[in-house]
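Biologist: Please give me a close look at one part, chain A, and at what chain A touches. I am a first-year student, and plain explanations of the terms would help me.

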Number of protein chains: 2
Amino acid sequence: MAEPIPDALLNRMDAYWRAANYLSVGQIYLLDNPLLREPLRKEHVKPRLLGHWGTTPGLNFIYVHLNRAIRQHDLNVLYVCGPGHGGPGIVANVYLEGTYTEVYPHIGPDAAGLKKLFKQFSFPGGIPSHVAPETPGSIHEGGELGYALSHAYGAVFDNPDLIAACVVGDGEAETGPLATGWHSNKFLNPVRDGAVLPILHLNGYKIANPCFMARMPEDELRKLFEGYGYAPHFVSGEDPLPTHRQMAAAVDACVAEIKRIQADARANGFRTRPQWPMIVLRTPKGWTCPKEIDGKRCEGSWRSHQVPMSEAGTESHLRVLEGWMKSYRPEELFDAAGTFKPELAELAPRGTKRMGANPHANGGRLLVDLKLPDFRDYAVKVAHPGAETAESTRVQGKYLRDVMKLNLEAQNFRLFSPDELASNRWQDVLEVTDRCYTAEIVPGDDHLSPDGRVLEVLSEHQCQGWLEGYLLTGRHGFFSCYEAFIHIVDSMFNQHAKWLKVCNHIEWRRPVASLNYLLSSHVWRQDHNGFSHQDPGFIDHVMNKKAEVIRVYLPPDANCLLSVTDHCLRSRDYVNVVIAGKQPGPQWLDMTSAVQHCAEGLGVWEWASSAGAAEPDVVLACCGDVPTLEVVAAADLLRRHLPDLKVRVVNVVDLMKLQPPKEHPHGLSDAAFDRLFTKDKPVIFNFHGYPWLIHRLTYRRTNHNNIHVRGYKEEGTTTTPFDMCVLNEIDRFKLVIDVIERTPGLAARAGHVKELMDAKHKAHRAYVTEHGIDMPEVSGWEWGQRGKVPRGSSDTAADNA
Amino acid sequence: MAEPIPDALLNRMDAYWRAANYLSVGQIYLLDNPLLREPLRKEHVKPRLLGHWGTTPGLNFIYVHLNRAIRQHDLNVLYVCGPGHGGPGIVANVYLEGTYTEVYPHIGPDAAGLKKLFKQFSFPGGIPSHVAPETPGSIHEGGELGYALSHAYGAVFDNPDLIAACVVGDGEAETGPLATGWHSNKFLNPVRDGAVLPILHLNGYKIANPCFMARMPEDELRKLFEGYGYAPHFVSGEDPLPTHRQMAAAVDACVAEIKRIQADARANGFRTRPQWPMIVLRTPKGWTCPKEIDGKRCEGSWRSHQVPMSEAGTESHLRVLEGWMKSYRPEELFDAAGTFKPELAELAPRGTKRMGANPHANGGRLLVDLKLPDFRDYAVKVAHPGAETAESTRVQGKYLRDVMKLNLEAQNFRLFSPDELASNRWQDVLEVTDRCYTAEIVPGDDHLSPDGRVLEVLSEHQCQGWLEGYLLTGRHGFFSCYEAFIHIVDSMFNQHAKWLKVCNHIEWRRPVASLNYLLSSHVWRQDHNGFSHQDPGFIDHVMNKKAEVIRVYLPPDANCLLSVTDHCLRSRDYVNVVIAGKQPGPQWLDMTSAVQHCAEGLGVWEWASSAGAAEPDVVLACCGDVPTLEVVAAADLLRRHLPDLKVRVVNVVDLMKLQPPKEHPHGLSDAAFDRLFTKDKPVIFNFHGYPWLIHRLTYRRTNHNNIHVRGYKEEGTTTTPFDMCVLNEIDRFKLVIDVIERTPGLAARAGHVKELMDAKHKAHRAYVTEHGIDMPEVSGWEWGQRGKVPRGSSDTAADNA
């Protein structure tokens with residue numbers, strides 16, 4: 001048991017807390033007169049009052065107690081602020097500890113600085129009202145709720161000395177992601193990882209309602225957290241000094257327990273999942289604001305959630321505000337110049353021990369490049385297009401296995417998946433590391449250990465949240481997910497993309513590794529699962545975010561996937577979305593061609609085009625592995641049946657190439673686009689996703705009116721691969737019909753081909769419902785294995801059916 | 001304590017279970033020879049083996065035990081199957097109880113029927129592999145995981161006699177939504193609601209990993225569920241008979257406890273949240289399949305998750321399969337004709353007590369129309385456009401208050417919100433009902449009671465899941481949400497839209513009430529929250545689903561919102577997305593005009609257009625309340641500064657009108673589109689959301705190349721309303737500049753106007769960063785209050801700045 005903290009120190013801590021509260025109120029309300037050295041007048045108050053007071057004093061309370069513990073126990077602590085609405089509190093503390101002025105020198109440690117600090121808050125041209133990328137010390141946006149624990153755990157993985165103090169607020173505590181976030185302790189290894197100290201902060205109210213956790217009997221709450229695997233310490237109070245006393249004791253107890261757990265595990269190895277400590281802190285909502293305003297309860301009520309007085313310019317409200325702020329006794333806190341008094345300021349930690357200056361919160365500063373093997377060494381040998389069959393993501397998995405191997409010592413690379421690593425064919429990674437698991441392991445478990453570097457949990461939220469926390473603290477990772485269910489984290493992606501966009505414009509934020517997604521088990525090959533698992537719309541969602549942070553790749557084969565993967569692992573500050581199939585599929589490009597094709601992002605496939613395609617009659621474009629196979633097959637059919645038709649095949653790997661360069665930095669120039677897609681010839685574009693996305697990307701292009709797009713149109717069930725193509729009309733037969741119908745003059749002379757294709761289309765449907773398998777002639781990989789793709793002349797007479 | 005079930009009955013139940021398991025295996029593997037009356041040959045086996053065995057025997061086990069309890073205690077039970085992968089099990093049971101043949105008469109109760117039953121499963125042209133809309137008795141798609149508990153609770157709200165037996169599988173148990181779904185008990189009132197009986201089914205493995213819940217010590221697991229507020233009963237076994245015995249006792253104990261809780265609450269009123277019973281059932285994964293296949297453990301291992309033998313056509317595997325199926329002793333279960341033996345069949349409940357025939361699972365059969373007041377009675381009086389100011393959603397809230405009132409007795413209408421009901425201005429509803437809360441209520445709480453019909457919890461997942469469960473069992477509801485955070489349920493929306501799309505093509509599924517969203521606190525008015533709360537992309541997401549089930553409305557004012565709301569509450573089988581602001585805004589249309597405008601979906605606003613707009617020089621189009629204000633203001637500026645310019649203002653309420661009619665049933669004909677938007681004049685389209693959506697909807701229209709769209713482009717922070725417009729260039733000044741730049745011949749003679757607008761654009765930015773408020777001339781609602789919108793002639797000389 002630690003010594004109790006002397007009251008003298010607690011009283012100084014209380015003064016520090018009052019200073020933070022004072023600055024928080026000042027930020028919400030004041031334009032001027034920051035030290036209240038003249039009577040408060042209407043013109044000192046902001047014309048629009050925006051912000052959130054309710055959670056702020058509690059956040060400040062926690063901050064000052066963590067400061068004390070950091071100094072006393074020489075800790076390395078990151079403050080993860082779940083109730084991000086409490087922006088003014090975190091800003092106030094980062095200012096008081098001196099970090100803010102170091103990062104933003106114009107906000108000085110004096111009255112002039114205070115005035116600017118107050119004015120800028122939630123003010124046009126200033127800073128946002130929440131904890132945000134602009135806030136030093138933060139890796140967690142205070143916008144959407146639910147991910148504080150996942151971020152905190154992500155931050156401490158492979159950071160053995162780091163403690164993430166993670167404040168969970170009333171609102172967040174009710175969300176689903178947070179509710180499963182507690183279970184992250186089943187994946188934390190005290191030998192190599194740091195610790196998370198969860199602090200459930202029960203103010204009692206969310207916006208308008210009580211949090212249900214605040215209304216559970218304490219016995220039930222204790223059981224809940226013990227059931228989650230924690231040892232909860234309860235701190236509850238309203239009267240500052242006794243509450244300080246309780247909190248200091250609880251923090252010391254938690255720190256001691258964390259140290260004991262870690263020392264034991266590091267001395268004796270991991271034996272059993274420990275019961276990690278946590279704190280449940282109950283304080284009044286809006287603590288220390290007026291008990292009542294206008295005769296209505298304020299402190300301890302939902303009325304203090306945002307701004308306790310929305311009209312602070314009235315005379316009576318001015319006096320309330322003045323009295324409230326003066327209750328913190330600013331004259332005891334700031335000297336004549338408006339500088340925080342040194343005897344209080346010294347309570348803060350020093351240098352990078354200050355939570356606002358913790359380097360883990362600006363992960364780019366700690367980022368070490370991955371050691372990457374030469375991806376060319378993993379190439380599938382492709383003697384000629386279509387000669388080989390491979391599972392693209394399995395090939396990628398071999399490469400990732402060696403990325404993992406080369407960086408095992410650095411401990412800065414992890415893979416994340418909702419129980420889909422092997423399903424998505426990355427299982428070779430398990431040759432060099434295990435799946436991480438610190439719950440019970442029994443015989444028969446497959447590659448599970450506390451030391452594994454693969455994190456698998458059936459929660460896309462956890463995977464995304466852990467990965468974000470891992471990346472923002474300066475490490476690398478890859479998230480493998482079923483394509484349809486990545487929508488589960490649409491909103492998390494939004495927040496991360498917004499975070500990156502804002503960071504791009506903040507000088508002191510250093511670049512971090514990109515967030516990489518492999519989306520596999522995609523819409524076209526949901527053989528076991530069907531309609532509910534078919535949704536290629538994540539790309540559409542991603543495209544709404546700023547072009548500067550978004551990249552989308554659809555490599556058509558394994559060698560292209562290798563090239564793209566290497567590129568993604570080297571990139572910084574992006575979200576890279578890679579979509580690739582796991583099923584055996586034809587391989588088109590040898591490695592040299594693949595590298596060149598990926599570097600260009602898109603290009604003509606001469607070998608699949610017909611003779612004379614330099615001046616094509618029609619362009620067959622494709623993007624995505626399954627649509628590409630159908631386009632190559634359609635081009636083949638056209639060569640056989642309409643040998644004089646000049647067909648150009650264009651494949652797109654980098655979807656952003658389609659946009660104009662002023663919309664996206666990867667965008668192809670209009671001239672180059674016109675050269676590829678012509679200015680006036682029909683373009684049949686076979687796309688992996690929803691067809692209208694291609695229109696959205698190309699509507700400004702010269703030839704847009706001639707672009708006809710095929711894609712997924714929400715038709716499907718558990719059926720065969722080719723039947724999925726037929727149901728959605730992206731199949732080779734339909735594409736040939738499209739070409740015939742849309743190429744001027746062709747319909748008249750190619751009626752017999754159209755009829756034949758239509759017959760095949762129908763024959764397939766009859767065949768598949770009878771036999772349950774695709775017609776032999778359309779089984780993709782078998783087709784690919786038939787050998788060199790015919791180039792037109794010698795092999796045009798007979799159809800190969 | 002109930003009497004133990006006699007072993008004779010348990011043995012018959014075991015036989016019933018074996019029959020269900022036999023039929024499940026048959027569905028996964030067999031094309032023919034359903035009763036194995038001849039030696040199993042390769043041609044009897046499906047060429048592609050698709051499905052999931054692992055969870056199925058446990059689901060069958062639960063089904064047979066629920067059947068027994070329904071008969072013995074005369075219960076009304078809905079089976080919510082979280083592990084939807086177990087499709088073959090549920091189909092098997094629904095077939096054995098006779099429902100399947102009633103619904104699908106071609107699947108008869110004989111050998112011929114069995115053959116069809118087997119073949120159709122996961123077969124082209126057949127049924128999907130999961131529990132799906134096609135499955136009688138289901139309201140829960142077995143696709144994405146996480147929502148079983150939310151659906152179950154939604155189903156029993158206001159259904160006092162219903163018990164939703166909700167099976168939660170290993171995978172689902174790890175998800176966030178499910179983890180908070182347990183807390184639904186804080187919102188369940190035993191007086192008026194039914195009960196959920198959660199059955200956590202721990203098979204041990206997900207796809208490739210153990211579930212962490214299966215690896216928590218039982219003491220911890222017990223505490224977790226007691227902490228969640230449940231009384232868990234543990235059933236664990238491998239040997240059938242003792243496990244049957246345990247399970248029967250557990251089910252009886254739970255039923256008794258549910259009856260006791262309900263009887264007490266209904267006799268004495270609600271006093272305190274009861275501790276509801278639940279079952280934790282541990283059985284081996286793939287229970288009853290071969291212990292080993294090819295020398296590798298199968299039963300009890302992740303290897304039995306999908307299809308234990310992916311190649312069942314080899315001779316050795318044929319023998320394994322035959323031995324496995326025969327281990328169920330089919331000769332004891334089916335008679336010579338292949339009919340399920342009557343002495344076993346009689347164990348199933350009768351009629352609508354059969355879970356496959358429970359009418360709540362086909363909610364349209366129970367649906368009663370809402371009593372709706374005349375929405376015209378809530379009209380804002382608008383003497384002339386712009387004369388009034390109102391908060392649109394507050395007006396809507398008054399209407400919804402009376403909808404609530406009129407249907408209180410019917411108990412079939414609820415509102416759902418993540419703590420945003422009042423924030424989104426629906427608080428008048430609280431005049432007639434409370435927020436529902438069965439956790440502790442204390443003085444100072446605002447309109448909380450166990451009887452409330454507003455469900456507020458800070459989990460969009462819970463709101464959506466409860467609402468879906470409520471709707472699919474035949475009731476009505478509305479979900480109010482911040483626009484940005486509705487993305488949290490993108491994936492849930494996907495599943496619901498897919499469910500509706502499939503139901504549209506199933507004769508016996510009756511229409512259910514539409515799922516209605518109000519999205520407010522939208523992108524343009526996130527005054528307190530800023531960038532993290534700005535995302536209008538849900539529309540883009542919604543648009544990817546089938547047009548037949550999707551509707552999107554952006555009413556520009558309160559009267560239009562009333563008309564749209566009435567329409568949504570009357571509609572069936574749609575997802576209606578309504579986007580409307582909560583802030584004071586100008587009111588444009590009187591009720592008569594609003595009704596007509598909404599009926600047409602879009603139209604020319606003559607009063608805002610300039611004289612002679614029958615033959616316009618330019619079209620100013622708008623969709624969404626804030627963009628509409630800016631367009632009306634821009635048209636006003638144009639009238640003043642360029643009085644001879646003929647400007648037509650078009651407002652769009654029903655976004656789907658923009659699509660061609662072959663894409664969406666609401667789509668405007670090309671001729672009508674051309675009349676409104678012209679064939680060749682510039683169209684400046686000011687849109688609420690991301691601009692490219694308008695291009696996506698209109699790219700096939702004649703005049704598409706002249707459509708220039710303004711919208712949200714991911715710029716924003718906590719700032720003023722007009723500054724948000726300026727940052728994203730949807731402001732009136734920028735629109736005037738657009739008109740000048742894009743109208744042929746205008747730039748040359750309107751250079752001075754362009755300069756003036758540019759100066760105002762810049763002046764605003766300077767003003768707002770200085771003062772923190774918008775320039776007076778652009779404060780939207782003040783502008784609206786200036787009076788009748790000038791029509792051009794008399795008021796053109798001076799700008800009103």
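Modeller: A residue is called buried when its relative accessible area is under 20%, exposed when that value is over 50%, and partly exposed in between (1.4 Å probe, protein chains only). Before we use that word, here is how to read the picture. Residues are numbered from 1 along each chain as its sequence is written, while chains are lettered from A and ligands numbered from 1 in the order in which they are written. The model is predicted, so local features need pLDDT of at least 70, side-chain atom pairs count only at pLDDT 80 or more, and totals for chains, interfaces and linings use all residues; side-chain values use heavy atoms, with hydrogens and water left out.

Let us start inside the chain. Glu630(A) is buried, with a relative accessible area of 2%, and Arg732(A) is buried too, at 3%. Their side chains meet in a salt bridge, with N and O 2.8 Å apart. That term stands for a side-chain nitrogen of Lys or Arg within 4 Å of a carboxyl oxygen of Asp or Glu. The pair ties together distant parts of the chain, since Glu630(A) sits in helix H20 (residues 625-641), Arg732(A) sits in helix H24, and their positions lie 102 residues apart in number. Helices (H or I, at least four residues) and strands (E, at least two) are DSSP runs, numbered from the N terminus. As a general point, side chains of opposite charge can pair when their charged atoms come close.

Just before helix H24 (732-742) there is a loop, which connects it to H23 and holds Glu729(A). Glu729(A) is not a glycine, yet its phi is positive, about 60°. Most residues other than glycine have a negative phi. Asp158(A) has a positive phi of about 60° as well, and is not a glycine either. You will find Asp158(A) in the loop between helix H6 (148-156) and strand E2 (162-168) of chain A. Asp158(A) is buried, at a relative accessible area of 8%, and a network of salt bridges links Asp158(A), Arg192(A), Asp193(A), Arg414(A) and Arg453(A).

Now step back to the domains, whose bounds come from an automatic or database domain assignment. Chain A is divided into domain 1 (8-348), domain 2 (383-584) and domain 3 (607-657 + 665-780). Taken over C-alpha atoms, the centres of domain 2 and domain 3 of chain A are 29 Å apart. Their contact (heavy atoms within 4.5 Å) takes 32 residues from domain 2 and 36 from domain 3. Together these two domains bury about 2,700 Å², 67% of it on carbon and sulfur atoms. Buried area is the accessible area (1.4 Å probe) that two parts lose on being put together, summed over both. Of the area that domain 2 buries against domain 3, Trp524(A), Met543(A) and Leu554(A) supply 30%, more than any other three residues.

Which charged and polar links cross this domain interface? The rule finds zero salt bridges there, but it does find 11 residue pairs in polar contact, both residues at pLDDT 80 or more. A polar contact is a pair of N or O atoms within 3.5 Å; within protein, one must be able to donate a hydrogen and the other to accept it, and residues adjacent in sequence count only if both atoms are side-chain atoms.

Last comes the neighbour, chain B. Here the contact takes 125 residues from chain A and 125 residues from chain B. The area buried between the chains is about 9,900 Å², and carbon and sulfur atoms give 53% of that. Arg215(A), Leu458(A) and His528(A) supply 7% of the area that chain A buries against chain B, more than any other three residues. Across this interface the rule finds 18 salt bridges; Lys545(B) forms a salt bridge with Glu714(A), with closest N and O atoms 2.9 Å apart. There are also 73 residue pairs in polar contact across it, both residues at pLDDT 80 or more. Several helices of chain A each supply at least two residues to the side that touches chain B, including helix H8 (176-181), helix H16 (490-503) and helix H26 (751-771). H16(A) gives the most, with seven residues. By class, that side of chain A divides into 47 nonpolar, 43 polar and 35 charged residues. In this count Ala, Val, Leu, Ile, Met, Phe, Trp, Tyr, Cys and Pro are nonpolar, Asp, Glu, Lys and Arg are charged, and the others, Gly among them, are polar.
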